[in-house]
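Grab a coffee and work through these exercises with the model open next to you. Each one sets a task and then walks through a solution.

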Amino acid sequence: MGQYYDHIPGFLIPWINAQRIFWVATAPLSESGHVNVSPKGFERTMNVVLDESEDGQQPEAGPDGDDDRLRKATSSHVWYEDLTGSGVETISHLRENGRITVLFTAFEGPPRIMRLFGTGKVYEFGTPEYDTFLPPEKRQPGSRAVIWVDVHKVGTSCGYSIPFFTYKAPRMRLHTFFINKEQQDFDYSCQQSSSSSSPISVSDSSSSMVVVPKQGSTLSDSTQSSSSPELPPDNQGIKNYWKLKNLKSQDGLPGLLFAYASPKVVGDWRSKGISFKPDDESLNSKTPASANRGRGLVAILASEKVVADVGKVLVGFGAGVLVTSAFARLWPK
């Protein structure tokens with residue numbers, strides 16, 4: 001039976017932390033606008049914020065939280081790290097009206113569906129709020145915003161018809177793609193810094209070093225002619241990607257407003273030695289589940305019934321042959 005709460009009960013917080021995927025649904029105010037549902041699935045992107053305790057503290061209930069402690073807590077807020085995609089529907093809809101629903105579904109263990117109904121805010125890359133939630137050491141490749149949700153209602157329902165799925169592994173294709181994009185931005189910012197700054201002298205006057213900006217730092221005034229940094233040529237880099245793909249929704253609503261123009265420097269992933277192996281995207285066609293994929297339940301049962309009926313016919317035929325042979329031997333000639 002469905003149940004509703006005016007906050008996230010403590011017993012649901014560890015369950016939220018254990019989920020591998022969630023969906024966010026938003027819509028524009030226009031009747032002809034596109035309703036959007038987006039899947040979100042990378043680990044550690046969803047974060048539950050616990051309500052203030054008696055001592056006034058407001059700790060986060062992240063994936064490594066103490067389950068016993070969390071079950072006694074409550075929450076009215078969640079936030080997630082929004083990784084870059086080719087669209088910007090969620091951000092655009094939240095800017096217009098703030099409405100959002102977050103959906104979780106159990107694919108392992110007991111069945112459950114949970115919806116978080118709330119009002120969302122967008123904190124883009126380069127804003128103080130974004131930096132508070134996601135400092136450079138915590139930010140993931142391709143991260144473009146923090147989506148904060150004030151939850152005003154929580155609904156749970158049975159989920160009895162949701163199938164079982166076994167988790168295989170996270171997909172790293174997006175991370176790999178945007179590591180390359182962000183490295184292009186970083187390398188270009190280094191080139192700009194080197195060409196517009198005087199070399200920094202070391203103890204030996206004959207030696208010099210190149211000014212290398214740190215991830216999350218802001219280029220100094222001497223390296224910028226305006227508040228907006230010069231972007232790499234040929235649409236390279238993630239900021240060019242944001243500018244090309246993430247400025248407007250399908251219905252023309254504003255998306256990203258200033259992340260692409262932020263003077264903040266994105267990550268130098270090469271120096272950190274961060275890279276990922278290609279995803280295993282093979283399909284296993286030998287499993288019983290895939291053998292029956294695309295066939296209706298009636299067809300599967302019908303085929304099994306045919307096999308059973310054929311088996312009965314063969315057994316009957318064999319028995320008839322044995323009886324006939326026995327009579328032939330015993331019958332006097």
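**Exercise 1.** Classify arginine 270 as buried, partly exposed or exposed, then find its salt-bridge partner.

*Solution.* Keep in mind that this is a predicted model. Step one: arginine 270 has a relative accessibility of 53%. Exposed means over 50%, so arginine 270 counts as exposed. Step two: look for the carboxylate, and you land on aspartate 187, whose side chain meets that of arginine 270 in a salt bridge at 2.7 Å, N to O. Step three: place both ends. Aspartate 187 sits in helix α5 and arginine 270 in helix α7 (residues 269–272), so the bridge ties together parts 83 residues apart in sequence. Step four: check the acid's surroundings. Aspartate 187 has a relative accessible area of 25%, so it goes down as partly exposed.

**Exercise 2.** Helix α5 has another acidic residue to chase: say which arginine pairs with glutamate 182, and whether the two are buried or exposed.

*Solution.* Start from glutamate 182, in helix α5 (residues 173–196). Its side chain forms a salt bridge with that of arginine 139, again at 2.7 Å from N to O. Now locate the arginine: it's in the loop between α4 (128–133) and β10 (143–157), 43 residues away from glutamate 182. Finally, burial: glutamate 182 and arginine 139 are both buried.

**Exercise 3.** Work out how the salt bridge between arginine 95 and glutamate 124 sits in the fold and how accessible each end is.

*Solution.* First the distance: the closest N and O atoms are 2.3 Å apart. Next the addresses: arginine 95 belongs to helix α3 (residues 89–96) and glutamate 124 to strand β9 (residues 113–124), which puts them 29 residues apart. Then the accessibility. Arginine 95 comes in at 31%, so it is partly exposed. Glutamate 124 has a relative accessible area of 1%, so it is buried. To put this bridge in context, the structure holds 11 salt bridges, and there is also a network of them linking Lys40, Asp82 and Arg144.

**Exercise 4.** Explain why strand β7 can be called largely enclosed, and list strands that pair with it.

*Solution.* Step one is a head count: β7 spans residues 74–83, and 8 of its 10 residues are buried, so the rest of the structure largely encloses it. Step two is the pairing:

- β2 (residues 8–9) runs antiparallel to β7, with 2 bridges; isoleucine 8 faces serine 75 there.
- β5 (residues 46–50) is antiparallel to β7 too, over 5 bridges, and methionine 46 has tyrosine 80 as its bridge partner.
- β10 is joined to β7 by 7 bridges, also antiparallel; here glutamate 81 stands opposite valine 146.

**Exercise 5.** Find the residues with the most contacts inside the largest nonpolar core, and trace what isoleucine 8 touches.

*Solution.* The core has 45 residues, and Ile8, Phe104 and Leu116 have the most contacts inside it. By element, β10 gives the largest share, 7 residues. Now zoom in on isoleucine 8. Skipping neighbours within four places in sequence, its contacts include Thr74, Ser75 and Val78, as well as Leu116, Val151 and Val154. As a general backdrop, nonpolar side chains in soluble globular proteins tend to be buried together.

**Exercise 6.** Describe the surroundings of glutamine 140 and leucine 83.

*Solution.* Begin with glutamine 140, in the loop between α4 and β10. Its relative accessibility is 11%, so it counts as buried. Its side chain makes a polar contact with the side chain of histidine 175 at 2.9 Å. Beyond residues up to four places away, glutamine 140 touches Glu182 and Trp269, among others.

Next, leucine 83, which lies in strand β7. With a relative accessible area of 15%, leucine 83 is buried. Leucine 83 and glutamine 140 are 57 residues apart along the chain, and their C-alpha atoms are separated by 8.0 Å. Last step, compare the neighbour lists: Phe42 and His175 are among the residues touched by glutamine 140, and both turn up among those touched by leucine 83.

Methods
Residues are numbered from 1 along each chain as its sequence is written. This is a predicted model: local features need pLDDT of at least 70, side-chain atom pairs count only at pLDDT 80 or more; totals for chains, interfaces and linings use all residues. Side-chain values use heavy atoms; hydrogens and water are left out. A salt bridge is a side-chain nitrogen of Lys or Arg within 4 Å of a carboxyl oxygen of Asp or Glu. Helices (H or I, at least four residues) and strands (E, at least two) are DSSP runs, numbered from the N terminus. Buried means under 20% relative accessible area, exposed over 50%, partly exposed in between (1.4 Å probe, protein chains only). Two strands pair if DSSP finds at least two bridges between them. A nonpolar core is a set of buried Ala, Val, Leu, Ile, Met, Phe, Trp, Tyr and Cys residues joined through side-chain atoms within 4.5 Å. Contact means heavy atoms within 4.5 Å. A polar contact is a pair of N or O atoms within 3.5 Å; within protein, one must be able to donate a hydrogen and the other to accept it, and residues adjacent in sequence count only if both atoms are side-chain atoms.
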